[in-house]
Amino acid sequence: MLAMNYRGPKRVRIDHKPMPEILHPEDAIVRVTRSCICGSDLHLYNGNVPDTRVGMTFGHEFTGEVVEIGAEVTKLKVGDNVLVPFNIACGKCAFCRQELYGNCHEANSQATAVGGIFGYSHTAGGYNGGQAEYVRVPYANVGPTVIPEGMDLDDAVMLTDVVPTGYQAAEMGGIQKGDTVMVFGAGPVGIMAARCAWLFGAGRVIIIDHVEYRLEFARNYAQCEAYNFNEIGDPAVFAKKTTDSLGVDVCIDAVGAEAAGNAMQTITGRKMLLQAGSATALHWAINCVKKGGIVSIVGVYGPTDNLVPIGNVVNKGITIRANQASVKRLLPRLIKHVQDGVLDPKALITHRLPLEEVAEGYRLFATKLDNCIKPVLIPPSAKL
Amino acid sequence: MEDNRPFENNRGTDPTHIKGWGIDADPKNDPTYPMKKRTNEEHKGYTWERPTQQPINIEVLHSIERPNVTAVFGTSVPPSGLSGMIRRLAFKKSENDYGHWLPLILADRVNVVEGIIEDFVQGKFPNILGEKGYKADLQHNKTGLLARVAIVAGITAAIVMLARRDRD
């Protein structure tokens, strides 16, 4: 089968790889129909996540058709079209039973701080991902969800990560009616977080980035204010001036390790790898939020350390909430929002590429060519 | 950049016309997240009925902060070669220790070289430019690509000229 093959920082290609096999009685094999490249894939692509091994297939946002099931799979049958949450979760451990599906204790041997994630390095379990024609899906009774009749595949694939992560970012913000919410990062997750902030009753939503076409997209899609940090000056001063010096109620970091905007963070975090990525967005979030405010983090950072003004967190009494989205917990509500037309996730997809062009897809997304917001890969065996 | 804007209490315009505004507002959405469904299951320790164990017939490195290999695990790229040796050493240290993560970053870089050697051994010449996806630049960023090529060509020519002058 065809599958993406990681060869080193900024080098990926399409190769023939052996078909995945059932290795566990709760496994399913899924023929992929859509597979996105995610902003967090860029951390792997850039070589910033430790234990990213040459030869791995990335891809944690995918839909597909079930073609084979293990002996203990009871909730799926061959032929089902499923969307597969990016978290691999057993459904039985203490954490899954509390609906913390992103923190399963039975899916990642390599690191206790991270759950299992498809195609996301050995630090997240060493599973091959969905940027391939076929993929092995463990714990098929738990994660994979049958795509509701009539739902567009492009909407379905966005429900595997982008929509739940953006929604949970807003949810973790503990937004109260009338709150001012500042979102850092106008990538797909940031735009979705801004859109979802309104569902929680935000009074004002502001998104900050430096890529003009993305800011323009965010203004239209999320109906929010959007500002270029190269034009507004210091974001903390901007936040204070617009809130009569008090600070915004909620800040969301939807950027993570690839943040631009601060030379020291960029050099030490992204170029020299002395930090687990550049923490500019988190630094700004802490300094823009009000005293007693909430900072919600969904941006992905590596497992080592980052330079952030932790003293300000203490002195301002800030609550920091963060997690990988618990996709399975959120799916029922989010499927309803899509079906009711409240959310329109497929509108974020700007590029549809054949799987064979995976290298171009990564380059396009990573360097923000052709006004790319979200690229989707389509394997040759999937109908276009 | 000096910011001359005045301080103001700007609460935005009325957002209630936005589709879905407030439909998930929950006054109880207080700072108890993520433990929305807290049951304190973990107080009982690692005692839950574990899923069936996936047969461990490849080498799986596991964190020393847990007692076992998880019930399922990925099999994408078992450790091998020099990078594998470094990874095995890294896994003798905990996730709390730089001695774990820094060797893993080193192993990743060693693994890149191993990957190129592996390609050659298999009779495959790695197409680095193709793997970097430069075809996308050709389609959407021709000027940028040409500028980059010109810079590289210029630097190369300068180095060659300097080397020749030194030899003469």
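Two residues count as in contact here if their C-beta atoms, placed from the backbone, lie within 7 Å. Keep that in mind for the views below, which all come from a predicted model.

**View 1. Around A:A197 in the nonpolar core.** Skip the neighbours within four places in sequence, and A:A197 is in contact with A:A170, A:I175, A:V181, A:A202 and A:V205. A:A197 shares with A:A193 the distinction of having the most contacts inside the largest nonpolar core, a set of 140 residues. Helix 4 of chain A (residues 188-199) chips in the largest share of this core, with 9 residues. Domain 1 (2-161 + 326-378) and domain 2 (162-322) of chain A both give residues to the core, so it sits between them.

**View 2. A separate core with chain B residues.** This second core has 7 residues, among them B:L61, B:F91, B:W101 and B:L104.

**View 3. The open parallel sheet of chain A.** Six strands line up in the order 12-11-10-13-14-15, with parallel pairing. Strand 12 (225-228) and strand 15 (319-322) are the edge strands with a single partner each, so one side of each has no neighbour in the sheet. From one strand to the next, the twist averages 20°.

**View 4. Strands 10 and 11 of chain A up close.** Strand 10 (residues 180-184) and strand 11 (residues 204-209) pair in the parallel sense over 5 bridges. Look for A:M182, whose bridge partner in strand 11 is A:I206.

**View 5. Where chain B meets chain A.** Here 73 residues of chain B are in contact with 80 residues of chain A. Helix 2 of chain B gives the most to chain B's side, with 8 residues. By class, that side has 28 nonpolar, 21 polar and 24 charged residues.

Technical notes
Residues numbered from 1 in each chain as written. Chains lettered and ligands numbered in written order. Predicted model: local features only at pLDDT ≥ 70, side-chain atom pairs only at ≥ 80, totals over all residues. Helix = DSSP H or I, 4+ residues; strand = E, 2+ residues; numbered from the N terminus. Nonpolar A, V, L, I, M, F, W, Y, C, P; charged D, E, K, R; others polar. Core = buried A, V, L, I, M, F, W, Y, C linked by C-beta atoms within 7 Å. Buried ≥ 20, exposed ≤ 12 C-beta atoms within 10 Å, placed from the backbone. Domains from an automatic or database assignment. Pairing = 2+ DSSP bridges. Axes fitted to C-alpha atoms, helices over the stretch in contact; angles between N-to-C directions.
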